[in-house]
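Me: I would like to learn how to read a protein model, one feature at a time. Where do we start?

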Amino acid sequence: MSKQFGKRFQGKVAIVTASTQGIGFGIAERLGLEGASVVISSRKQSNVDEAVEKLKAKGIEVLGLVCHVSNAQHRKNLVDKTVQKYGKIDVVVSNAAANPSVDPILETKDSVLDKLWDINVKTAILLLKDASPHLTKGSSVIFISSISAYIPHSSMAMYAVTKTALLGLTKALATEMAPDTRVNCVAPGFVPTHFADFITSNDDVRKTVEDNTLLKRLGTTADMAAATAFLASDDASYITGETLVVAGGMPSRL
Ligand code: NAP
C-alpha cells in the first residue's frame, strides 16, 4: 500500500484479531498507517513474527502476540499485554472466523456446530469481556461479518448463520456499550485470501462471483480496511449498531 492516508488514529491503540494475513492484516496496516499503535495476533508465532516485520518496515508501531481466539489465556494475555504496553484500548476489530464444513446444516456434526459458534461468535464476546474495562470513552468495536450473513449459500450455510448472528450482536452490544463505545460491523463480499481459496482459485467460480457484483470484480483487503477504518474513526462518530456491506453491489438488502 503506497497511498498516503490521513492520521485519524494518531495516539490510538487498536487490537485486530486474526491479523497476520488477509483482511485482518489489511485492517491492521491501514489503522497503523493512519497513526494507530496496532496489536496484531494469530495462532502461529512464525506468522506473527513475519507480519510484525512487514508492518514495522512501513513505520508502524506494532505489538505482535500469539492468540488463538478460542484460548482464554491467549485472549487475556492479548488484552493484558496491550494495556501494559500502551495503557488503554481505543479500537477492537474482531476478525477471526472458521469455516470448517461444506455440509448441509442438518448434516453438520455437533462438534463442528460448536466450533463455528465458538470461533465465529462466542470468542468475539469473550474477548470484549476482557477488553471492555480498558476501552476508552469514544472507543469503537468492529465485527467482521460477511455478505453471506444476508445470503446463506448452501455450501457455507452454517458459517453464514454465525455471520448473521454477528449482525444481531452488533445491534445488541451497540445498545449495551453506548454511549462511550460504538459497535459496528463490516460485511465483506468475496476477497481473494487464503480463507476464500475455494472460490477465488477456480476460474469459473471466480467469474461467477465477479459477475454477481455490480462492480464486476472481487473485493480487496484494502477495500475492507478502508470501510473498517471509517467505522472505527471519528468520521463515523454518529454511527453505531450498523453493518456496512462492502461487496461491490452484491445483493444484500434494501
Ligand atoms: P485469511 O486470509 O485466511 O486470514 C486468516 C487469519 O486469521 C490469519 O492471520 C490466520 O493466522 C488467522 N487465524 C485463523 N484462525 C484463527 C484463530 N482461531 N485464532 C486467531 N487467529 C486465527 O482470512 P480472511 O479472508 O482475511 O478472513 C478474515 C475474516 O473475513 C473472517 O472473519 C472471514 O469470515 C471474513 N470474510 C472473508 C471473506 C473473503 O472472501 N475472504 C468474505 C467475507 C468475510 P494463523 O494461521 O497464524 O492463525
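**Reading the model feature by feature**

Reply: We start with contacts, and with one residue: leaving out residues up to four places away in sequence, Thr193 touches Gly22, Ile23, Thr200 and Thr221. Keep in mind throughout that this is a predicted model.

Me: Where does Thr193 lie, and is Thr193 buried or exposed?

Reply: Thr193 lies in the loop between β6 and α6 (197-200). A residue under 20% relative accessible area is called buried. Thr193 has 14% relative accessibility, so Thr193 counts as buried.

Me: How many helices and strands does the protein chain have?

Reply: The protein chain has eight helices and seven strands.

Me: How do I read the radius of gyration of the protein chain?

Reply: Set the value beside what a compact globule would have. For 254 residues that would be near 18 Å, and the protein chain has 17 Å, which agrees. The extent along the principal axes is another value to read: the C-alpha trace spans about 45 × 40 × 40 Å.

Me: What share of the residues in the protein chain is buried?

Reply: Of the 254 residues, 50% are buried. Turning to the surface, the protein chain exposes about 12100 Å², and 54% of that comes from carbon and sulfur atoms.

Me: What can contacts say about the protein chain as a whole?

Reply: Look at how far apart in sequence the partners are. Among contacts with a separation of 6 or more, 70% are between residues 24 or more positions apart.

Me: How far apart are the mean positions of the positive and negative charges?

Reply: The protein chain has 28 positive and 25 negative charges, and their mean positions are 4 Å apart.

Me: Now a single residue again. What surrounds Ser148?

Reply: Begin with its place, which is the loop between β5 (135-144) and α5 (157-177). Ser148 has a relative accessible area of 3%, so Ser148 is buried. Beyond its neighbours within four places in sequence, Ser148 is in contact with Met156, Tyr159, Ala160 and Lys163. Its side chain also makes a polar contact with the side chain of Ser146, at 2.8 Å.

Me: Which residue in a helix could I read in the same way?

Reply: Take Leu169, which is in helix α5. Leu169 counts as buried because its relative accessibility is 13%. Leaving aside neighbours within four places in sequence, Leu169 is in contact with Ile125, Phe143 and Ala174. You can also compare sequence with space: Leu169 and Ile151 are 18 residues apart in sequence and 18 Å apart from C-alpha to C-alpha.

Me: Which residue is 97 places from Ala98 in sequence, and how far apart are the two in space?

Reply: That residue is Phe195, and its C-alpha is 8.6 Å from that of Ala98. Phe195 is in the loop between β6 and α6. With 40% relative accessibility, Phe195 counts as partly exposed. Apart from residues up to four places away in sequence, Phe195 touches Ala97, Ala98, Asn99 and Tyr159.

Me: What other pairs can I read this way?

Reply: Here are two. Asp211 and Met250 are 39 residues apart along the chain, with their C-alpha atoms separated by 9.3 Å. Asp211 is found in helix α7 and is partly exposed, at 39% relative accessibility. For the other pair, Asp103 and Asn77 are 26 residues apart in sequence and 35 Å apart in space, C-alpha to C-alpha. Asp103 lies in the loop between β4 (89-94) and α4 (110-131), and its relative accessible area of 36% makes Asp103 partly exposed.

Me: How do I read the backbone angles?

Reply: Most residues other than glycine have a negative phi, and most peptide bonds are trans. Ala18 departs from the phi pattern: phi is positive, about 50°, although Ala18 is not a glycine. Ala18 is found in the loop between β1 (13-16) and α1 (22-33), and at 27% relative accessibility Ala18 counts as partly exposed. Lys216 also has a positive phi, near 55°, and lies in the loop between α7 (203-211) and α8 (221-232).

Me: Which peptide bond is cis?

Reply: The bond from Ala178 to Pro179 is cis, with omega near 0°. Pro179 lies in the loop between α5 and β6 (181-188).

Methods:
Residues numbered from 1 in each chain as written. Predicted model: local features only at pLDDT ≥ 70, side-chain atom pairs only at ≥ 80, totals over all residues. Heavy atoms only, no water. Helix = DSSP H or I, 4+ residues; strand = E, 2+ residues; numbered from the N terminus. Rg over C-alpha atoms; globule rule 2.2 N^0.38 Å. Buried < 20%, exposed > 50% of the residue type's maximum accessible area, 1.4 Å probe, protein only. Contact = heavy atoms within 4.5 Å. Areas by Shrake-Rupley, 256 points an atom, 1.4 Å probe, with all protein chains shown as cover. Lys, Arg positive; Asp, Glu negative; His and termini not counted. Charge placed at Lys NZ, Arg CZ, Asp CG, Glu CD. Polar contact = N/O pair within 3.5 Å; in protein donor to acceptor, adjacent residues only side chain to side chain.
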